[in-house]
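Here are a few short exercises to work through with the model open beside you. Try each task before you read its solution.

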Amino acid sequence: MTLRVLIVGATSAIAEALARRYAAQGATLFLAARHTGRAEAIADDLRVRGAAMVAVGAYDATVPDRAEALVAAAWEALGGLDVALIAHGSLPDQAACAASAALTRRELEVNLISVIDLLTPLANRMQSAGCGTLAVIGSVAGDRGRQSNYVYGAAKGALAIFLQGLAHRLAPAGVRVLTIKPGFVDTPMTAAFPKGPLWASPDRVARDIQRAIGRGARVLYTPWFWRWIMLVITLVPAAIFHRTRL
Amino acid sequence: MAALTPYQSWGRYPRASPVGVRSLRFRDQPLPRVAGNVLPFGNGRSYGDSCLNNGGTLLATRGLDRFLAFDPGTGLIRCEAGVLLSEILSLTVGGGWFLPVTPGTRYVTVGGAIANDVHGKNHHLAGTFGHQVTRLELLRSSGERLHCGPTERADLFAATIGGLGLTGLITWAEFRLKRIANPYVQVERTRFDHLDGFFELALGADREHEYTVAWIDCLASGRRLGRGIYMAGNHAAPTCEGAPRPPGRAPSIPFDPPLSLIAAPSLRAFNGIFYHKQPRRPTTGVEHYAPFFYPLDGIGQWNRIYGPKGFLQYQSVVPLAVGRDATRAMLECIAGSGQGSFLSVLKVFGDRPAAGLLSFPRPGVTLALDFPYKGRATLRLFETLDTLVAQAGGAIYPAKDAHMSPRLFAAGYPRIDEFRRHLDPAFSSSFWRRVTGEAP
């Protein structure tokens with residue numbers, strides 16, 4: 001059976017790597033992105049790589065009230081959805097957020113509220129259909145608040161709780177909810193930085209996501225060792241943690 | 001997707017420090033605005049300094065790795081410049097399409113294959129990679145996007161083929177793949193005990209075989225000078241039997257050894273075994289395309305065996321009329337120095353006119369060897385070889401080079417002034433500044 005896949009934030013490196021994997025299996029895809037020209041370039045590539053059908057839709061997470069229409073368009077274009085990956089987001093400037101409540105709010109809207117706006121109609125449609133997987137890119141930053149990155153961490157942490165509840169609600173309907181927590185990913189944007197062994201390629205992360213979706217996992221740390229790194233980080237007592245610059 | 005690549009050349013000599021690296025990800029992006037000059041960097045498989053830009057900025061193109069279109073009926077393919085040849089093969093071989101020209105590694109980008117106008121074992125029939133390109137887009141620092149091809153802006157196209165990335169950024173290119181019945185190659189191997197044997201085979205078998213190349217034991221001297229094994233292949237017929245399985249996952253050199261693992265006694269033994277393993281009479285067999293075309297791709301990061309000082313490759317071409325004498329003189333010189341390595345390759349190029357103004361392949365005999373970098377001894381040997389190449393009216397391959405003088409470059413590339421007219425003023429490279437006598 002042909003897999004029907006919606007990807008929001010389709011021009012991100014992880015999203016594109018996952019889209020290629022599904023395309024190679026002959027999936028049909030709906031790509032939502034702010035920059036539709038670039039999404040069209042990705043769509044052409046996915047067609048060459050074997051996608052049975054690819055459609056593109058405009059989506060801007062900073063514009064409210066567009067989520068419902070996007071979900072309806074994707075649902076109609078593909079005749080239902082088996083997988084929805086939500087991959088859009090921004091990386092806030094923590095220092096600037098600390099100085100501006102308005103900026104903090106905007107970052108929370110992009111990284112949390114806009115995602116929930118998509119998840120609500122997606123969840124309801126999948127619940128009625130009685131199948132499907134909601135896969136959402138969170139972050140290890142959501143596991144513990146750190147001085148260097150807590151606005152982003154707050155958005156991703158709240159998102160993880162929301163997804164936990166959603167998974168609970170949708171379990172009887174046979175709908176899976178996957179929270180993805182990537183560590184450091186070597187996207188082209190960070191290619192010039194020196195890399196240690198903790199860095200993973202987008203394709204490695206995409207492979208882990210595809211497998212986690214396939215086996216119906218609920219939480220994915222990728223690469224796997226981040227589960228243990230974050231376990232240690234969450235267990236460090238505040239008295240010690242506050243002496244670090246993490 | 002982009003791998004975790006450091007920005008060095010394959011020979012890891014010379015070292016260069018770009019002031020910045022900008023990773024390109026979408027072909028509609030304008031060129032990044034930077035102070036100083038820029039140079040596209042693909043997968044870093046050029047050996048010397050043609051892919052380096054000391055003191056300038058590199059434009060890393062591996063993020064431009066999308067296909068634009070592929071017609072499985074005609075084999076016409078259009079892709080971004082950062083796509084690797086290996087990625088094309090993965091996509092198309094199963095459907096019966098192969099690269100029309102391929103160099104000895106499949107881990108080069110399409111942009112790099114064009115910018116170095118690479119050649120393969122079928123040069124005598126198919127010409128170079130540049131001959132296959134039907135169209136490309138060039139993004140100039142002026143912001144213009146120029147479409148070029150053999151009949152469209154043909155002069156800028158000819159400058160860009162083999163243009164070493166100096167005429168602007170190639171964003172995408174189009175070329176036609178060739179039909180194959182299966183992934184296998186019918187290979188004939190013939191041992192020859194002297195250089196003369198090579199020329200007899202090369203001038204005979206080239207008519208019957210699509211792919212030809214010879215491995216030379218560059219440590220043999222005297223009566224055995226230039227002994228080696230001649231390999232000639234054709235794509236296998238549809239009904240080929242006993243086809244081997246494709247090779248499995250490639251092993252890799254996992255770390256940098258503290259010194260070169262290439263030492264004279266072990267090399268002499270290796271070359272002797274390799275030569276004598278081949279029976280006196282010609283052998284034939286069917287091979288998967290990967291070990292035939294890409295024997296070294298079977299070992300990841302093989303350049304590490306030369307240790308931290310790196311290595312140089314020397315690839316020359318000399319006209320056929322003096323080819324036998326010049327090649328003999330070069331091999332004598334190399335055997336006498338005892339510096340040669342096991343990767344020595346000899347081939348006769350065809351006489352198809354070059355596709356690019358700075359293309360390396362031209363009618364004649366081409367010899368390619370690796371040398372571990374041993375400081376002055378290596379450079380002295382190269383100077384002697386340069387003299388022989390210059391006397392023979394030959395040229396050195398820029399993609400392999402880290403040493404040639406401005407004079408030798410000018411002698412080997414007489415269309416350099418024509419090429420200069422098409423240079424993009426914002427583009428430069430360590431190689432270009434070296435061979436034109438500007439500051440490196």
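A helix axis here is a line fitted to C-alpha atoms over the stretch in contact, and the angle between two axes runs from 0 to 180 degrees between N-to-C directions. Keep in mind that this is a predicted model.

**Exercise 1. Work out how helices H9(B) and H10(B) are arranged, and what their contact is made of.**

Start with the geometry. Helix H9 of chain B covers residues 320–337, and its axis comes within 10 Å of the axis of H10(B), crossing at roughly 170°. Angles over 145 degrees count as roughly antiparallel, so H9(B) is roughly antiparallel to H10(B).

Next, find the residues. H9(B) brings B:Ala326, B:Ala329, B:Met330, B:Cys333 and B:Ser337, while H10(B) brings B:Leu381, B:Thr384, B:Leu385 and B:Leu388. Sorted by class, that gives 7 nonpolar, 2 polar and no charged residues.

**Exercise 2. Stay with H10 and decide whether B:Thr378 is buried or exposed.**

First, place the residue: B:Thr378 sits in helix H10 of chain B, which spans residues 376–391. Now count its surroundings. There are 20 other C-beta atoms within 10 Å. The cut-off for buried is 20 or more, so B:Thr378 is buried.

Then ask who is around it. Skipping neighbours within four places in sequence, B:Thr378 touches B:Leu312, B:Gln339, B:Phe371 and B:Tyr373. Take B:Gln339 from that list: it's 39 residues away from B:Thr378 in sequence, yet the two C-alpha atoms are 7.7 Å apart.

**Exercise 3. Describe the packing of H5(A) against H6(A).**

Angle and distance go first. H5 (residues 101–129) and H6 (residues 150–170), both in chain A, pack at about 15° with their axes 9 Å apart. Since angles under 35 degrees count as roughly parallel, H5(A) is roughly parallel to H6(A). For handedness, this crossing is right-handed.

Now the contact itself. Among the residues on the H5(A) side are A:Leu108, A:Leu112, A:Val115 and A:Ile116, and on the H6(A) side they include A:Ala155, A:Leu159, A:Phe162 and A:Leu166. The full tally is 15 nonpolar, 3 polar and 2 charged.

**Exercise 4. Do the same for H3(A) and H5(A).**

Helix H3 of chain A (residues 67–78) has an axis that comes within 8 Å of that of H5(A), and the two cross at roughly 40°. That angle makes H3(A) oblique to H5(A), and the crossing is right-handed.

H3(A) supplies A:Ala67, A:Glu68, A:Val71 and A:Trp75; H5(A) answers with A:Asp117, A:Leu118, A:Pro121, A:Leu122 and A:Arg125. Class by class, you get 6 nonpolar, no polar and 3 charged residues.

**Exercise 5. Check each chain's radius of gyration against that of a compact globule.**

Chain B has 440 residues, so a compact globule would come out near 22 Å; the chain has 21 Å, which agrees. For chain A, with 246 residues, the expectation is near 18 Å, and the chain's 18 Å agrees as well.

Round this off with a profile of both chains:

| | Chain A | Chain B |
|---|---|---|
| Helices and strands | 9 helices, 7 strands | 13 helices, 18 strands |
| C-alpha box | roughly 55 × 35 × 35 Å | roughly 60 × 55 × 45 Å |
| Buried residues | 46% | 50% |
| Of contacts 6 or more apart in sequence, share 24 or more apart | 65% | 77% |

Technical notes
Residues are numbered from 1 along each chain as its sequence is written. Chains are lettered from A and ligands numbered from 1 in the order in which they are written. This is a predicted model: local features need pLDDT of at least 70, side-chain atom pairs count only at pLDDT 80 or more; totals for chains, interfaces and linings use all residues. Helices (H or I, at least four residues) and strands (E, at least two) are DSSP runs, numbered from the N terminus. A residue is buried if 20 or more other C-beta atoms lie within 10 Å of its own, exposed if 12 or fewer, and partly exposed in between; C-beta atoms are placed from the backbone. Two residues are in contact if their C-beta atoms, placed from the backbone, lie within 7 Å. The radius of gyration is taken over C-alpha atoms; the globule rule is 2.2 Å times the number of residues to the power 0.38. Angles under 35 degrees count as roughly parallel, over 145 as roughly antiparallel, 65 to 115 as roughly perpendicular and the rest as oblique. A crossing is left-handed if the near helix is turned anticlockwise from the far one by less than a right angle, and right-handed if clockwise. Ala, Val, Leu, Ile, Met, Phe, Trp, Tyr, Cys and Pro count as nonpolar, Asp, Glu, Lys and Arg as charged, and the others, Gly among them, as polar.
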